Every structure is written in C-alpha cells, then in structure tokens.
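Me: Please examine the structure below with me. I shall ask some questions about its elements, its confidence and its core.

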Amino acid sequence: MIVCSCNCLTEAQVRESCTRSEGAARSTFEVYKCLGCSPKCGTCARTIRKIMDETLGGAACNACPVATNSACGAAKIADALNAAIEPLPAGAALVPAE
Ligand code: FES
C-alpha cells in the first residue's frame, strides 16, 4: 500500500527502513532519507510515524542516543509535564461535586 504519494513509498518500504540491521531510520525524516527522498507535502508524516511505532513498538526511543541523554525534545516535554502536574490528593475528584 502506498503511504506517501509524493515519493511513491509503500508501507513495506517504511517498515524495512526502520528494521535494517545498519542505518535504520529512527525518525520520520530518517525514513525519507533512508529511502532516498525527502518530505514534500508532509501529509504522510503521521502515517509513517504510526507505521514506525507499530513496527518498533517503542524501540525507536530506547535505541536513540539523544533520548537517553535527555537532550531529546520528547524527553524534555515529558519531564516538563511531569514537573507541572501535581498529583491529586487522595480521595479528590477531577470534577468538584455540586
Ligand atoms: S505524501 Fe508524503 S510527502 Fe507528500
């Protein structure tokens, strides 16, 4: 199935690009690069990311050296959210009773 009509990329090609033994793609941009093209309209980016997530099952972040040193944007966002969210006191409701 074609997932990127601009570059005629198939789902199988995307899966293969992120499971290669060497130089495997770990971002959507790397998928395009691995397959010898570049994003054009960008409409396919979410679909490519979803295929990567399905294929790798979260392994992309675990294998990424940027994520492990906390320089990754996703890691920074997660840290900021964790710092901003205060746990609810025991027995508190999200919606106050009227
Ligand atoms: S559909 Fe993939 S770049 Fe346009």
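**Elements, confidence and core**

Me: In what order do the elements of the protein chain run from the N terminus on?
Reply: This is a predicted model, in which local features need pLDDT of at least 70, side-chain atom pairs count only at pLDDT 80 or more, and totals for chains, interfaces and linings use all residues. Residues are numbered from 1 along each chain as its sequence is written. Helices (H or I, at least four residues) and strands (E, at least two) are DSSP runs, numbered from the N terminus. The protein chain has six helices and two strands, and their order is β-β-α-α-α-α-α-α.

Me: Which element of the protein chain has the lowest mean pLDDT?
Reply: The predictor's confidence in each residue, from 0 to 100, is called pLDDT. Its mean over the protein chain is 78, with 58% of residues at 70 or more. Where pLDDT is low, the predicted coordinates should not be read in detail. Strand β2 (residues 9–10) has the highest mean, 97, while the lowest, 52, belongs to helix α5 (residues 65–68).

Me: Which element supplies the largest share of the largest nonpolar core?
Reply: A nonpolar core is a set of buried Ala, Val, Leu, Ile, Met, Phe, Trp, Tyr and Cys residues joined through C-beta atoms within 7 Å; buried means that 20 or more other C-beta atoms, placed from the backbone, lie within 10 Å of a residue's own. The largest such core has eleven residues, including C4, L9, Y32 and M52. At least two residues each come from α2 (28–34) and α3 (45–56). The largest share, three residues, comes from α3.

Terms used
A residue is buried if 20 or more other C-beta atoms lie within 10 Å of its own, exposed if 12 or fewer, and partly exposed in between; C-beta atoms are placed from the backbone.
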